[in-house]
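Please examine the sequence and the three-dimensional view below. The report that follows considers a pair of packed helices and then two individual residues.

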Amino acid sequence: KPVRLRWETLEALKNSPKGKLKYSPDWIEKGEDILAGCKEVTSLSPISGAILKRLSPRHLLKNCSLGSPIRDTSLATSEDVPVSSSVPISPHHILTSPISQSTSLPPATTDNDDMVNEDKLENLHSMVDLSPVPSSTPPPTISLHSPRATRMAGCICICEETHRAKAKAELSLRQELQDRLVATVASRELEQLKRFEEFMELKQRQEYQTMRDMMEKETQESLGRQEKLKEEHRHRMKILNLRLREAEQQRLREAELEKQRLVEGRERLRALNAIQEEVLQLNQLLEPSSATQTGLTLDHTSYITRGNQLCSQVSEVVRTTAEGQFPSVEDMTVAERALQEMRSLLRAMQEEMAQAQERKKKEQEEEEERKKQADLKALQEEQKKNAALSAKEKARKQGLQTRAEDSTLKWYKELQDVASQCAQAFEDLNNPKDMQTKKLKMELQKAATIPVSQISSISGSQLKEIFDKIDKLLSGRQIVSGGKSVSTSQHPHGLEFVSYKLAEKFVKQGEEEVASHHEAAFPIAVVASGVWELHPKVGDLILAHLHKKCPYAVPHYPPMKDGTTMEEYQKILGYRVDDSGVEGQDSFLKRMSGMIRLYAAIIQLRWPHSNKQVPDPHGLNHGWRWLAQMLNMEPLADVTATLLFDFLEVCGNALLKQYQAQFWKLMLLIRDEYFPRIEAVTSTGQMGSVTRLKQFLENALRNKQIDPPKGQLMSAFWRS
């Protein structure tokens, strides 16, 4: 039965509100205190009295008033202590419950029962709600007069303390567990947060990598497009450059054709002017002079009329060219036919006059004899006067010559004969009768003259290309000129024609290009020297053209022959004579200077890629010969000083290295003996060239050296 009661008690305690403890994990987050209920004052439930009564059938106390003393007579011992109602009791020792008058304490038991009761009380208190019950009136005070009751109260208090300590321990344990759980949860949440952050970082890196891959892909595509655009641009530039080169080549071809057309037009114009001049001269010859008509009864009216008609015909052709146009081939044909007919008229008239003169010859013999006697007498008197004058002049000139030496004149005539024979050889090519031969002539002429026109001091490789092209042409091999293949073997006299035109072009470059730019003499001269060495015939033709245009390069002062007009004589001396008259002295000296400078450059230069073991075909010995012969001839006003200065300025350094002391003797001779003669024949208005020569001589003799000429080709030039 007691066991059953105990279990009922425990069941009641379990079902009480205080026995149903609740725990919420949100207390810490909400700031609630877990031990808030345990810290309140411990009090008994209002039904604790009934519980105690049921623990024992015996009443330990009798019904009594709350203010009277209570004593158990059957259990009174020496240990009984009276309890006064007036003594206050601590809340920890008060059992607060509404106990009825029949409530009593259980009787005393044995020690084992006490231990069992204590265990029951502990179990009971563990199940009893220890929190205070709010009440509007304080609980009644229970006065215990029995020691056992007091002991029971103490046991209850001890049980409460034990329960409280156990509750605190359990709460501490639960709090520790809760803290561990919170720490675990926090750690897990922290790890999850780290994983989340790592996941986010991974996702961000992936997005960044994806974006970077996309950017790299776009960059590669952009670079690919850019390379494609560059390739297209390069292709377009290549095509454009090709078109530009083709356009430039076309322009150069057209310019060359235009230049060639102008050259040919000028040549035809000069030829037309020469034809007109000859026709006019022949027409004048058709009109017999008064001396010729004396004693003759010939009628030359028909000849004169036809001559005037031919002159009018040629003048009509010339008039069409005066408007800025060049004469055509048909015009030249008309003019040449008129010239041939004029010559035929003159020959017929001369034959008729010869026959008439033959008849009058006997009549004129007596008259001529008388005139001869008179002339002989006058000649004797003139010879006496000339002898006296020549003696004085010879004493003054001390034996200087007025003409070239016989060997020099012979050499000069031989070169002119070579040039004439060469010109006659290609007469059929020079005056073509069919269109094919005419085209071949134009192509050969362009192939010969264009490379010479392209000679410059830009680079040595360019000069070598020009030289090789000229050498191939003269060797009979095919070359490309104006986009067409041409060779001298295409015509029997093609080589003579090309050699003649090439030599003429070299001299013309000296006459025009070197006269304007003195430095141009050296690249032209070195190519001419190389061609001369491999093709000596071209060199002879160069000298022939040079001597014809500049007789002072022989040196030779052509005398004026009987019957020669002043204009013809000036042509022989090298002056240009056209319809406007004779060229000025400055222009004449400029052209002579250019040709002498070219000649002085040729005699001191050799082609650097030639065979040095072969002697120079026209070296410095010819320069020494020319200088010596110039000093042996009487100086000419303005001409001698100009040519000596140009020759020494270009070739003086080379002659000094070759002849050394002998050259200085020659320089002293020029300064001391020859220069005063130059001053004697020079007028006041022609002292410019004399002054330049004087300064050159003084500087050379004072410094004992002659500077190399400007524009001389150095060894580094041939590596460019």
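In this predicted model, the axes of helix 9 (residues 406-425) and helix 15 (residues 536-549) approach to within 9 Å and cross at roughly 110°. Helix 9 is therefore roughly perpendicular to helix 15, because angles of 65 to 115 degrees fall in that class. On the side of helix 9, the contact is formed by Trp411, Tyr412, Leu415, Gln416, Val418, Ala419 and Cys422. Helix 15 contributes Lys537, Asp540, Leu541, Leu543, Ala544, His547 and Lys548. By character, the residues of this contact comprise nine nonpolar, two polar and three charged.

Leu541 of helix 15, which takes part in the contact with helix 9, is also in contact with Ser499. Leaving aside neighbours within four places in sequence, Ser499 further contacts Leu474 and Val538. Ser499 itself lies in helix 13 (residues 494-516).

Another residue to consider is Ile275, which is located in helix 5 (residues 147-286). Not counting residues up to four places away in sequence, Ile275 touches Met332, Ala335, Glu336 and Leu339. Of these partners, Ala335 is 60 residues from Ile275 in sequence, yet the two C-alpha atoms are 6.9 Å apart in space.

The table lists the accessibility of the two residues.

| Residue | Relative accessibility |
|---|---|
| Ser499 | 4% |
| Ile275 | 7% |

Are these residues buried or exposed? The cut-off for buried is under 20% relative accessible area; Ser499, at 4%, therefore counts as buried, and Ile275, at 7%, counts as buried.

Notes: Residues numbered from 1 in each chain as written. Predicted model: local features only at pLDDT ≥ 70, side-chain atom pairs only at ≥ 80, totals over all residues. Heavy atoms only, no water. Helix = DSSP H or I, 4+ residues; strand = E, 2+ residues; numbered from the N terminus. Buried < 20%, exposed > 50% of the residue type's maximum accessible area, 1.4 Å probe, protein only. Contact = heavy atoms within 4.5 Å. Axes fitted to C-alpha atoms, helices over the stretch in contact; angles between N-to-C directions. Parallel < 35°, antiparallel > 145°, perpendicular 65-115°, else oblique. Nonpolar A, V, L, I, M, F, W, Y, C, P; charged D, E, K, R; others polar.
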